[in-house]
Amino acid sequence: MNHATRLGRHVARCTRSGVTVRHRSTVNTFINFVPQQEVYVIERFGKFHRMAEAGIQVVIPILEQIAYAQSLKEMAMDVPSQSGITSDNVTLSIDGVLYVKVVDPYSASYGIEDYIYAVSQLAQTTMRSEIGKLTLDKIFQEREALNQQIVAAINDAAESWGVLCLRYEIKNIEVPASVKHAMQMQVEAERKKRAHILESEGQKTSVINIAEGEKQSVILQSEALKMEKINHAQGEAESLKLQANARAAAIQKIAEAINENNGDKAAGFAIAEQYMTAFKELARESTTLLLPGDVNNPASMVAQAMTVYERLHANSPSTPPSPTSSSPSPVKPSPKAFSTPQPNTSSSTPPAPPLDDVELLRDSPTSGSFKLPKQFLQ
């Protein structure tokens, strides 16, 4: 087989495999110029003689001939589409792109008739074998791993061919129409699921935020109420303290005033005034009121108040009565003030018992009653 026949077959197979080959004339002109990144395989008398690398190379006509011109550049070749069945029995149609490079021109020339065709067929069979190990979902998820496995399988087989497979890339994956429709339905269901999950999470977050806000609001309101009550209690305590101090100072002043000249008379007048004021308040607030019989005589009521004061003052052991003060004549209160009218009875009714402590009724039934000592009535 002459050189022209070999070159024609090589070009035809490269075209069939999808590899574009730029043909250069390899006619022996005695002085030959070998292009960069190419190697000429020189034979002498039909036997391998040497490798002619880039540069000027002298090839003796008739004795030597250029048998092969191998390119050391990386070549991209299309891998035709082929069918494959996955492990879950889904038929796929896959094609790809294969990148190869000649690393040993001698093995590429004498180790195999056409390494490009062989690598293409090996890529198809390896890809079909690797697809059968994976499910459909895994093929879409692990395309990178699938490419690496195909490259490793091609390099193991093409090591004796002097060819190195650099990488393999899957271009298109075609699935049946029914499977594609099922995948679209699955994608739509997954999207609806995610939408519902996101919506529920949003509602959950909203409810949590509202509850947290209400919780914080209740806490702040309780803290505000607490501070309000504390401030109110502190204010009342200060007010009571000031009132107590003021009352203590007033009592002290009153005690000092009583010890002065005519102080007891002034105290008696104040008690009588309060006595009259108390009757006025009782008449305003109560519905039932017990009054002395001579209520029309205010002077008698004032005299009764002064008498009560004088007797209390006289019975006090710490404060002796003033010798210069003249107490008013005691006014005996009318029995009508402390007794209820008696109905007319027959002459056989026994006489009333002697006057003892008189019980005064109050207008409220729950407040009970109190007794007035007999000495105030004599």
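Is S120 buried or exposed? S120 is buried, with a relative accessible area of 3%. The cut-off for buried is under 20%, so S120 qualifies. This model is predicted.

**Around S120**

S120 sits in helix α3. Leaving aside residues up to four places away in sequence, S120 touches M77, D78, V79 and P80. Strand β6 covers residues 74-85. Helix α3 itself spans residues 115-131 and lies across β6, β7 and β8. The helix runs at about 40° to β6.

**Two open sheets**

One open sheet has three strands in the order β6-β7-β8, with antiparallel pairing. β6 and β8 (163-174) stand at the edges. Each has a single partner strand, so one side of each is left without a neighbour in the sheet. Neighbouring strands here are turned by 25° against each other on average, direction ignored. V102 has V163 in β8 as its bridge partner.

The other open sheet also has three strands, ordered β3-β2-β5. Its pairing is antiparallel. The edge strands are β3 (47-52) and β5 (64-71), and each pairs on one side only. On average, neighbouring strands of this sheet are turned by 30° against each other, direction ignored. R44 stands opposite E64 in β5.

In general, strands of a sheet pair through backbone hydrogen bonds, either parallel or antiparallel. Two of the antiparallel pairs are set out below.

| Strand | Partner | Bridges |
|---|---|---|
| β2 (residues 38-44) | β5 | Seven bridges |
| β7 (residues 91-102) | β8 | Ten bridges |

**Helices on the β6-β7-β8 sheet**

Helix α3 has company. Helix α5 (residues 143-157) packs on the sheet, touching β7 and β8. The direction of α5 makes about 140° with that of β8.

How do the axes of α3 and α5 cross, and within what distance do they come? They come within 9 Å and cross at roughly 135°. That makes α3 oblique to α5. Angles over 145 degrees would count as roughly antiparallel. The crossing is right-handed.

On the α3 side, the contact is made by V119, L122, A123, T126, M127, E130 and I131. On the α5 side, L146, Q149, I150, A153, I154 and A157 take part. By class, the contact has ten nonpolar, two polar and one charged residues.

Terms used: Residues are numbered from 1 along each chain as its sequence is written. This is a predicted model: local features need pLDDT of at least 70, side-chain atom pairs count only at pLDDT 80 or more; totals for chains, interfaces and linings use all residues. Side-chain values use heavy atoms; hydrogens and water are left out. Two strands pair if DSSP finds at least two bridges between them. Helices (H or I, at least four residues) and strands (E, at least two) are DSSP runs, numbered from the N terminus. Axes are lines fitted to C-alpha atoms, for helices over the stretch in contact, and angles run from 0 to 180 degrees between N-to-C directions. Contact means heavy atoms within 4.5 Å. Buried means under 20% relative accessible area, exposed over 50%, partly exposed in between (1.4 Å probe, protein chains only). Angles under 35 degrees count as roughly parallel, over 145 as roughly antiparallel, 65 to 115 as roughly perpendicular and the rest as oblique. A crossing is left-handed if the near helix is turned anticlockwise from the far one by less than a right angle, and right-handed if clockwise. Ala, Val, Leu, Ile, Met, Phe, Trp, Tyr, Cys and Pro count as nonpolar, Asp, Glu, Lys and Arg as charged, and the others, Gly among them, as polar.
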